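Work through the exercises below with the structure open beside you. Try each task before you read its solution.

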Amino acid sequence: MSFALIIYLLYAFLFIQLLFWILQLSKITYYIPPPPSGTNSFPPVTVLICIKNEYDNLKSNLPSIIDQKYEKFEVLIVDDHSSDRGVEYLKSRYINEPRLTILELNTGVYGKKNAILEATKFAKHNILLLTDADCTPQSEFWISEMVNGLGNEQDIVLGYTPYLKEPSLLNRLIRFETCLNGAQILSAAHLGFPYAGVGRNILYRRSLVSAEALKMSYLSGDDDLLVNGMATKKNTSICLNPNSFVYSTPKQSWKEYFIQRWRHYSTSTGYSIGSQVYLFINFMSLIGFYGVFIMLLFLQMPLYAWIAYTIRLIIIWPIFFTLSRKFKETGLSLLFPILELVYVLFICLQLPLLFVRKKTW
């Protein structure tokens with residue numbers, strides 16, 4: 001490979017990355033939500049939580065959902081054959097709670113996607129707001145903020161789902177990736193190209209749910225595959241009010257985090273061709289930039305490498321700083337160069353997972 005071609009590749013990757021950050025991700029930094037609709041602004045809502053052995057999380061987090069300040073809602077918990085004391089705890093602790101409904105899946109019906117399909121048959125209301133048992137809403141106005149994004153024409157509202165802050169490199173990487181992925185998903189939807197969602201904080205109408213929309217051949221991806229198949233520019237909106245954020249406990253080991261990412265990356269093969277091309281260009285330009293950058297350093301041609309890196313850093317770092325503030329992700333901005341490099345290395349390790357589907361929930 002000639003020296004000129006290597007330089008061309010480096011700056012081509014740089015150009016694509018700058019376009020991605022400037023034309024897409026930066027749009028979130030000055031996003032202003034539309035005013036809430038005055039017609040039927042607060043329709044009844046079913047908060048849907050699918051569980052499997054979540055006893056501890058239910059004890060810790062369910063009160064923050066039961067106590068939401070919203071006029072009419074139910075909490076529907078669907079149990080996928082748990083072997084712990086979760087269901088017994090719910091039946092004893094919330095025996096007099098009219099808002100709580102417990103649905104236990106029948107023998108032979110397994111998995112989260114089946115749980116969601118069954119839930120659509122038993123839900124009292126047509127608007128479903130999904131989260132997980134290990135999640136805690138930032139405020140008691142979580143439901144109302146997410147519903148505000150629905151309006152009259154929208155069928156889907158995408159929310160943000162940060163992780164709790166802890167003092168470790170793994171935690172910083174998890175929150176860094178969550179911030180980037182959240183900005184990417186939400187900015188794409190805001191620009192009219194919704195391609196994914198996060199099931200810890202997503203609202204949609206019951207009429208969208210079907211076996212075809214959930215793509216049952218994929219074990220996971222109940223959130224992003226449904227959005228990828230059913231979301232459009234007209235029927236999807238986003239919610240970035242901090243009161244709508246839902247916090248989750250991050251993984252505590254690199255192995256657990258790797259398995260979690262395995263599930264997410266393996267479902268991306270079920271995306272539309274356009275979504276796959278978009279993600280491929282983005283990730284390959286990022287990996288390619290760092291790959292060629294390191295190559296030039298090893299070839300003892302550092303000048304062109306450091307010029308490109310400096311240009312990228314000068315333009316992108318301030319955008320990430322603003323994004324992290326928008327998403328209330330403290331303690332990440334100053335570490336951006338280090339975290340991004342670790343993030344790229346982690347992506348490279350995960351690439352083979354695109355072709356291996358996870359077989360258990």
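The model shown here is predicted. We start inside the sheet.

**Exercise 1. Find how strand β6 is paired with β7, and which residue stands opposite Ile156.**

Solution.
- Step 1. Locate β6 at residues 156-158.
- Step 2. Check the direction. β6 and β7 pair in the antiparallel sense, over three bridges.
- Step 3. Pick out one pair. Ile156 stands opposite Tyr204 in β7.
- Step 4. Look at Tyr204 from the β4 side. Leu128 also stands opposite Tyr204.

**Exercise 2. Describe the pairing of β4 with β1 and with β7.**

Solution.
- Step 1. Take β1, residues 45-51. This strand and β4 pair in the parallel sense over five bridges.
- Step 2. Name a pair here. Leu48 has Leu130 of β4 as its bridge partner.
- Step 3. Turn to β7, residues 202-205. Four bridges join β7 to β4, and the two run antiparallel.
- Step 4. Name a pair here too. Ile127 has Arg205 of β7 as its bridge partner.

**Exercise 3. Decide whether the faces of β4 are covered or open.**

Solution.
- Step 1. Recall a rule. In a regular strand, side chains alternate between the two faces of the sheet.
- Step 2. Sort the residues of β4. Ile127, Leu129 and Thr131 lie on one side, and Leu128 and Leu130 on the other.
- Step 3. Check burial. Five of the five residues in β4 (127-131) are buried.
- Step 4. Conclude. Both faces of β4 are covered.

**Exercise 4. Give the strand order of the sheet, and explain why two strands have a side without a neighbour in it.**

Solution.
- Step 1. Write the order: β3-β2-β1-β4-β7-β6-β8.
- Step 2. Classify the sheet. It is open, has seven strands and shows mixed pairing.
- Step 3. Find the edges. β3 (100-104) and β8 (236-238) each have a single partner strand, so one side of each lacks a neighbour in the sheet.
- Step 4. Add the twist. From one strand to the next, it averages 20°.
- Step 5. Inspect the β3 edge. β2 (residues 73-79) and β3 pair in the parallel sense over five bridges. Val75 stands opposite Leu100 in β3.
- Step 6. Add the helices. α3 (residues 86-93) lies across β2 and β3, at about 150° to β3. α4 (residues 112-122) also packs on the sheet, touching β1, β2, β3, β4 and β7.

**Exercise 5. Work out how α10 and α11 pack, and what kinds of residue meet there.**

Solution.
- Step 1. Locate the helices. α10 covers residues 273-298 and α11 covers residues 302-326.
- Step 2. State the geometry. The angle is about 145°, and the axes are 8 Å apart. The crossing is left-handed.
- Step 3. List contacts. From α10, the residues include Phe289, Tyr290 and Phe293; from α11, they include Trp306, Tyr309 and Arg312.
- Step 4. Sort by kind. The contact has 11 nonpolar residues, no polar ones and one charged.

**Exercise 6. Describe the largest nonpolar core, and place Trp21 in it.**

Solution.
- Step 1. Size it. This core has 84 residues.
- Step 2. Find the members that touch the most others. They are Trp21, Val78, Leu158, Tyr204 and Phe327.
- Step 3. Find the top contributor. Helix α6 (residues 169-190) gives the most, with 11 residues.
- Step 4. Look around Trp21. Beyond its sequence neighbours, its contacts include Leu180, Ile316, Phe320 and Phe336.
- Step 5. Note another core, apart from this one. It has 30 residues, among them Ile65 and Leu203.

**Exercise 7. Is Gln184 buried or exposed, and which residues does it contact?**

Solution.
- Step 1. Place Gln184 in helix α6.
- Step 2. Apply the cut-off. Buried means under 20% relative accessible area. Gln184 has 4% relative accessibility, so it counts as buried.
- Step 3. List contacts far along the chain. Among them are Phe20, Gln24, Tyr195 and Asn282.

**Exercise 8. Compare the settings of Gln300 and Lys328, two residues with positive phi.**

Solution.
- Step 1. Recall the usual sign. Most residues other than glycine have a negative phi.
- Step 2. Read the angles. Gln300 has a phi of about 60°, and that of Lys328 is near 60°.
- Step 3. Place them. Gln300 lies in the loop between α10 and α11. Lys328 lies in the loop between α11 and α12.
- Step 4. Check exposure. Gln300, at 69% relative accessibility, counts as exposed. Lys328, at 47%, counts as partly exposed.

Key. Residues are numbered from 1 along each chain as its sequence is written. This is a predicted model: local features need pLDDT of at least 70, side-chain atom pairs count only at pLDDT 80 or more; totals for chains, interfaces and linings use all residues. Side-chain values use heavy atoms; hydrogens and water are left out. A nonpolar core is a set of buried Ala, Val, Leu, Ile, Met, Phe, Trp, Tyr and Cys residues joined through side-chain atoms within 4.5 Å. Buried means under 20% relative accessible area, exposed over 50%, partly exposed in between (1.4 Å probe, protein chains only). Contact means heavy atoms within 4.5 Å. Two strands pair if DSSP finds at least two bridges between them. Axes are lines fitted to C-alpha atoms, for helices over the stretch in contact, and angles run from 0 to 180 degrees between N-to-C directions. A crossing is left-handed if the near helix is turned anticlockwise from the far one by less than a right angle, and right-handed if clockwise. Ala, Val, Leu, Ile, Met, Phe, Trp, Tyr, Cys and Pro count as nonpolar, Asp, Glu, Lys and Arg as charged, and the others, Gly among them, as polar. Lists of a residue's contacts leave out its neighbours within four places in sequence.
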